[in-house]
Amino acid sequence: MRRVVAALRRAHGDERGMALANVVIFGTVMLMLVATMVAVSASGAVKSATDRNFQNAMAAAYAGLADYQAKLSNDNGYALYGNPAAQFSKASGSTFTGDDKNVAFTTSGSRWAAVVGSTDQFFRYEVDNADYSSKGVLRVRVTGKAGGSVRSLVANLKGDGFINYLYFTNYESSNPAISGSTCTTAYQWQSGVSNKCQAVQFAASDVLNGPIRTNDVFTAACATTFNGSVEQHDTRVRPSSGTCGGQFNGGDPAAVPYLGLPALNSNMSQETRTDIPATVPRPGCLYTGPTRVAFLGGGKMTVWSPWTKATQIQVDDRTGKVEAGPDTAKAAALCGSIDALQSASGATIPTLPANLMYVQDVPSSGNNVNKWPGAFPSGYTNTYCTTSVTVGSNGKATTKPNQPFSNGLGYPAADEWVNGRSAGRDATTLTGSASDTYSCTAGDVFISGAFAGAMTIASSGTIWVTGSVTYADATADILGLVGQNAVEVYNPTKCTSYPSTRSGTDHSRCNTSGIALLDRSAGESITISAAIASNAGTFWNQNYDIGPKLGVLKVVGSIAQNWRGPVATTGSTGFSKNYVYDKRLLTTAPPKFLQPVSTSYGVTTQVEVQSAYQVDGACAKTSTGACR
């Protein structure tokens with residue numbers, strides 16, 4: 001019995017020893033688990049903070065991009081601000097007028113612009129404006145910083161301008177000066193306006209292949225085809241009849257804010273000055289008075305401009321005196337020599353390389369190099385300015401009655417009937433004033449031909465499209481046409497039947513039934529490839545309501561105008577429309593093209609790139625040791 005009890009006691013002691021060992025082992029394991037959890041938790045906190053900084057650095061870069069966009073939208077001239085020492089800027093050939101004391105233009109050291117509302121997010125940006133004047137595009141590299149993370153992105157910015165739309169109008173009614181109406185110009189959506197001008201309608205045969213916009217509201221037939229977005233003052237296109245107003249293949253109409261056309265394009269003439277290199281590093285060409293341009297294909301054109309004396313200028317800002325630029329040889333190489341421009345054969349030169357041609361009225365100021373005091377250009381044998389003036393080879397004017405008017409470039413054409421007002425009950429039309437139609441001193445331009453290059457033509461008067469203007473290469477060529485008064489399809493008339501009187505034929509009037517088109521026949525079409533704009537006027541077809549039904553007016557590009565311009569009457573005269581948007585205009589623009597009064601800048605492309613800076617603000621370097 002004692003042996004049994006002793007054995008039980010020994011077993012009990014062994015169990016206590018095993019239990020202790022188990023406790024020690026279990027405790028050790030628990031300590032190891034706790035230590036591991038603490039270590040994992042600590043490393044997770046570090047990783048979480050790193051991830052947060054990484055994300056916040058990109059958020060800071062986006063904030064910097066938004067900051068730069070806001071400054072551009074508030075001031076279109078902000079594109080000329082930047083830091084020429086920035087690697088991204090100097091590598092592109094950008095030029096700047098200053099930095100606006102903007103901390104975000106800092107390129108070294110510990111200074112960064114702070115993200116509003118944050119204490120640990122910062123940004124910097126560098127601007128590439130080398131393509132701004134030629135394409136309307138800005139590139140900006142923005143770097144954001146948060147904690148120990150730095151990230152950079154590069155974005156292309158382009159203004160929300162008129163060329164973002166195939167078709168833009170301020171008013172959807174016609175210019176009363178063209179229609180001859182005494183109506184009051186007002187928006188169609190405005191109420192309480194007496195004798196309001198009626199809207200011009202899109203016809204059933206009209207096809208619009210691109211986005212369109214108006215500050216007014218559109219009016220359309222049921223069968224009008226809208227293949228792009230439709231943006232206007234409200235969401236309902238007015239029907240021209242019945243209850244439907246178009247086929248909307250690009251989505252329902254949307255209401256959008258007002259987009260303002262500048263009243264004048266005269267500021268574009270500043271691009272021909274040689275004395276302000278900070279804002280005009282590459283001056284274009286200035287022409288004076290009626291000017292004709294024939295595009296020859298192959299990147300060539302011939303220019304006739306008999307009133308032009310200086311094609312690049314400098315201005316004394318104190319006295320206003322306008323003189324020729326100092327390098328006349330350089331100007332002649334780019335714009336044509338003065339002798340050639342004034343000659344009957346014209347100056348054949350390359351189309352301007354990514355630049356602007358501005359055509360101005362003959363100036364009246366006595367201290368302007370392009371003024372013609374008391375004389376007319378020589379080198380032409382036709383007449384100028386009145387029906388009783390001829391011009392000799394020496395440029396002196398002599399009086400000779402009954403001479404036909406000419407603007408020096410052949411307009412009006414031989415046998416052209418210039419329409420005036422109706423003579424009333426006898427079904428005749430009086431002859432109009434040729435000088436009102438084709439002024440001999442206005443900055444009018446007459447263009448046609450196959451264009452190759454990148455250029456803008458701006459006019460203080462009217463741009464007349466006298467024949468098709470087409471691109472030699474639709475993927476590379478780009479042309480802008482900006483007419484202050486109008487961009488107009490040349491479509492002259494003739495008179496085939498004059499009324500008879502007791503004393504003979506009355507050539508001051510034409511029988512209404514005898515007015516016909518001078519050089520276009522039924523079914524004839526025309527194509528214009530260009531971004532078109534008219535500040536104070538319209539895009540329209542001359543004599544749209546006379547003659548037979550023509551073919552198709554095809555515009556490949558965009559159209560912006562103050563008033564809606566008629567090109568036909570419903571079903572009987574003029575052109576049908578086929579307007580096709582040049583989608584390249586979403587990301588680029590003709591050189592030095594017309595800008596809206598105010599605009600917002602949108603991102604067209606955006607990509608993250610290697611960080612441009614280190615956390616301490618120094619530039620990040622490539623493998624060769626150069627700053628990125």
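Which residues does S174 touch, not counting residues up to four places away in sequence? The views below start there, and they all come from a predicted model.

**View 1. S174 sits in a loop and is buried.** This close-up takes us to the loop between β5 (167-169) and α4 (176-179), where S174 is found. Leaving aside residues up to four places away in sequence, S174 touches Q198, V200, W563, R564 and P566. One of these neighbours, R564, also offers its backbone oxygen, which lies 3.3 Å from a polar atom of the S174 side chain. S174 counts as buried because its relative accessibility is 12%, and the cut-off for buried is under 20%.

**View 2. G523 is a partly exposed loop residue.** Look for G523 in the loop between β34 (515-517) and β35 (526-534). Its relative accessibility is 47%, so G523 counts as partly exposed. Beyond residues up to four places away in sequence, G523 touches K549, L550 and G551. For another landmark, find V552: G523 and V552 are 29 residues apart in sequence, with their C-alpha atoms 7.8 Å apart in space.

**View 3. Strand β28 is covered on both faces.** Here we follow β28 (residues 478-483), a mostly covered strand in which six of six residues are buried. In a regular strand, side chains alternate between the two faces of the sheet. On one side of β28 are I478, G480 and V482, and on the other are L479, L481 and G483, all of them buried. Strand β26 (residues 454-459) pairs with β28 in the parallel sense over six bridges, and S459 stands opposite G483. β28 also pairs with β35, again in the parallel sense, over three bridges. To find that pairing, start at L481, whose bridge partner in β35 is I532.

**View 4. Five strands build an open antiparallel sheet.** Strands of a sheet pair through backbone hydrogen bonds, either parallel or antiparallel. In this view the pairing is antiparallel and the strand order is β1-β2-β3-β4-β40. β1 (113-114) and β40 (601-609) stand at the edges with a single partner strand each, so one side of each is left without a neighbour in the sheet. Within the sheet, β3 (residues 137-146) and β4 (residues 149-159) pair over 10 bridges. A handy place to start tracing this pair is A146, whose bridge partner in β4 is S149.

**View 5. R273 and D317 form a salt bridge.** Side chains of opposite charge can pair when their charged atoms come close. For R273 and D317, the closest N and O atoms are 3.4 Å apart. This pair links distant parts of the chain, 44 residues apart: R273 lies in the loop between β13 (254-255) and β14 (285-288), and D317 in the loop between β17 (313-315) and β18 (322-324). R273 is buried, with a relative accessible area of 7%, whereas D317 is exposed at 64%. R273 and D317 also belong to a network of salt bridges that includes D275.

**View 6. Two further salt bridges, D234 with R238 and K321 with E323.** The structure holds 13 salt bridges, among them one between D234 and R238, with the closest N and O atoms 3.1 Å apart. R238 is partly exposed, with a relative accessible area of 25%. The side chains of K321 and E323 meet in a salt bridge at 3.6 Å, N to O. K321 is partly exposed, with a relative accessible area of 40%, and E323 counts as partly exposed at 36%.

Notes:
Residues numbered from 1 in each chain as written. Predicted model: local features only at pLDDT ≥ 70, side-chain atom pairs only at ≥ 80, totals over all residues. Heavy atoms only, no water. Helix = DSSP H or I, 4+ residues; strand = E, 2+ residues; numbered from the N terminus. Buried < 20%, exposed > 50% of the residue type's maximum accessible area, 1.4 Å probe, protein only. Polar contact = N/O pair within 3.5 Å; in protein donor to acceptor, adjacent residues only side chain to side chain. Contact = heavy atoms within 4.5 Å. Pairing = 2+ DSSP bridges. Salt bridge = Lys/Arg side-chain N within 4 Å of Asp/Glu carboxyl O.
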